[in-house]
Amino acid sequence: YTLMNQEFIRKKYAVDTIGWINGDYYLPQLKENHYFVNLASGYGSRGDKEKEIELFTELVNQKSYLALGYVIGIAGILLPLLNLDNFVIYAGGRTGAGKSTVSFLALSLFGNYEMLKATNDNATVGFELFLKQRNHTLAVLDEVNTSVGDVEKVAENLVRNIYKFSGKQGRYRANTDITLREQVRFEGMLYVSAEDDLKTFLKLNKRTVKGVLRRTILIDFEKLYQSWGGEENLQSWAEMVYSVIKENYGNMLGDIVEKIKSDMDKIKEDYKNYIGYYKDIDQGWQFEGQERALALLCTATRFLERHTGLDFGFMFELIDEIATLNNSEFNKGVRATKEDLIEEIEAWISENYGFFKVTQTREEEVERYDESGQKKKERKVVEATEKQPVKALFGKIEDQKLFLTNIGLTSLAKYLQMSEMELKRTIAEFG
């Protein structure tokens with residue numbers, strides 16, 4: 001029956017992911033003849049494309065920093081095409097400064113922002129699925145400071161989720177028949193908003209956490225509000241945004257994707273130029289990974305400027321302001337206490353004890369005869385060496401002192417999520 005009536009039966013092709021597949025971009029509003037397996041609720045289009053374009057144009061012409069939402073949304077689409085690592089945008093600042101509005105504007109490029117946003121209250125497996133459902137778009141965790149649980153637990157979950165996101169893949173898990181499930185993979189950007197400064201969460205976390213900063217771009221919306229907005233402007237902008245994106249969303253995506261496909265050579269050239277700029281020490285920049293995210297934001301801005309004819313000069317200034325904040329904050333860093341660092345190093349030694357030569361001196365009581373022939377007891381220092389590995393690859397431990405080989409230093413730095421130079425500086429500061 002099916003074969004005889006093929007011309008009357010509408011076909012749909014099943015896909016189990018979204019985003020870029022073999023040079024084409026997959027979302028429901030772009031692929032009506034496809035069925036999306038385990039698709040997150042909220043993707044799709046609704047309303048009038050012209051209203052979306054009018055909102056975009058008005059925000060850019062008014063030099064509203066809320067237009068950063070469009071830049072972030074486009075950057076999420078470009079990231080996998082430029083083979084970049086995942087990165088996190090942490091938006092801090094008081095309520096009413098625009099941090100949530102920017103993320104909702106970005107989500108409106110893909111669908112209904114109210115259904116696509118999430119909180120930090122996800123279990124590990126749930127968070128992995130959440131990320132997979134937002135592949136090559138933007139994942140938003142809104143107002144994580146309101147998450148359920150004590151603040152230490154919230155901090156632990158946030159840091160864990162940032163590390164998990166930057167790794168691009170979930171853990172291997174077993175099925176009931178002892179076979180392995182397919183590993184969850186995800187690429188894109190994670191936008192986290194909270195009233196608290198990121199360092200507030202990092203100081204509450206027990207691990208050495210400067211590695212989080214390397215994976216994160218900090219945006220202080222309080223400063224953006226003061227420099228680029230003001231209460232009257234922000235209120236009118238926010239009202240304009242929500243009046244449009246509640247009923248009109250997802251309609252511009254098709255045009256954006258087609259322009260990206262035809263513009264890849266120029267996009268790659270732009271990114272190369274911007275990454276060179278943010279790696280230039282003579283310009284005052286000194287990053288350890290964040291330069292890629294900043295260059296991506298500039299590349300997305302240049303793409304929008306080229307294809308709309310609008311003036312995005314203010315946006316480049318704004319991104320430089322964000323870069324300056326991150327340059328300063330990263331170099332100051334988040335220092336663990338000396339006790340925390342010692343605890344971390346001891347844990348690393350415990351895990352790698354077999355790679356060390358371990359010697360310990362102790363005093364022993366010995367008997368000997370003096371010149372008169374009388375037996376006397378004396379204390380003597382004795383050096384005891386534990387059973388050694390074939391090679392002490394990581395160094396030696398001697399009387400509570402740790403001596404590292406280059407291999408040992410590399411291993412410890414990796415364990416602490418720090419660069420070797422950063423580890424040396426930290427130990428030197430602590431003494």
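# A friendly walk through the sheet, its helices and its rings

In this predicted model, an open sheet of 4 strands has the order β6-β7-β5-β8, with parallel pairing.

Q: Which strands stand at the edges of the sheet?
A: The sheet is open and its order is β6-β7-β5-β8. An edge strand has a single partner strand, so one side of it is left without a neighbour in the sheet. The strands that fit this are β6 and β8 (216–220).

Q: What is the average twist from one strand to the next?
A: The strands of this sheet pair in parallel. Going from one strand to the next, the twist averages 20°.

Q: In β7, which residue is the bridge partner of Ala 139?
A: Strand β6 (residues 138–141) includes Ala 139. β6 runs parallel to strand β7 (residues 189–194), and 4 bridges join them. The partner of Ala 139 in β7 is Leu 190.

Q: Are the residues on the two faces of β6 buried or exposed?
A: One side of the strand carries Leu 138 and Val 140. The other side carries Ala 139 and Leu 141. Both faces are covered, and these four residues are all buried.

Q: At about what angle does α3 run to β7?
A: Helix α3 covers residues 99–107. It lies across β5 (87–92), β6 and β7. Its direction relative to β7 is about 150°.

Q: Which strand does α13 run at about 60° to?
A: Helix α13 spans residues 290–308. This helix lies across β5, β7 and β8. The strand for that angle of about 60° is β8.

Q: Why is α3 described as largely enclosed by the rest of the structure?
A: Among the buried residues of α3 are Lys 99, Val 102, Ser 103, Ala 106 and Leu 107. Ser 100, Thr 101, Phe 104 and Leu 105 are buried as well. The helix is largely enclosed because the buried count is 9 of the 9 residues.

Q: How many nonpolar residues are in the contact of α3 with α10?
A: The axes of α3 and helix α10 (residues 231–245) come within 11 Å and cross at roughly 35°, in a left-handed crossing. From α3, the contact uses Ser 100, Thr 101, Phe 104 and Leu 105, and from α10 it uses Val 241, Tyr 242 and Ile 245. By class, there are 2 polar residues and no charged ones, and the nonpolar count is 5.

Q: What is the centre to centre value for the aromatic pair of Tyr 277 and Tyr 278?
A: A search of the whole structure finds 19 aromatic pairs. Tyr 277 and Tyr 278 form one that is edge-to-face, with 65° between the planes. Their centre to centre value is 4.7 Å.

Q: Is Tyr 277 buried or partly exposed?
A: Buried means under 20% relative accessible area. Tyr 278 at 2% is therefore buried, and so is Trp 285 at 7%. Tyr 277 has 27% relative accessibility, so it counts as partly exposed.

Methods. Residues numbered from 1 in each chain as written. Predicted model: local features only at pLDDT ≥ 70, side-chain atom pairs only at ≥ 80, totals over all residues. Heavy atoms only, no water. Buried < 20%, exposed > 50% of the residue type's maximum accessible area, 1.4 Å probe, protein only. Pairing = 2+ DSSP bridges. Axes fitted to C-alpha atoms, helices over the stretch in contact; angles between N-to-C directions. Left-handed = near helix turned anticlockwise from the far one by under 90°. Contact = heavy atoms within 4.5 Å. Nonpolar A, V, L, I, M, F, W, Y, C, P; charged D, E, K, R; others polar. Phe/Tyr/Trp six-rings, centres within 6.5 Å; stacked < 30°, edge-to-face > 60°.
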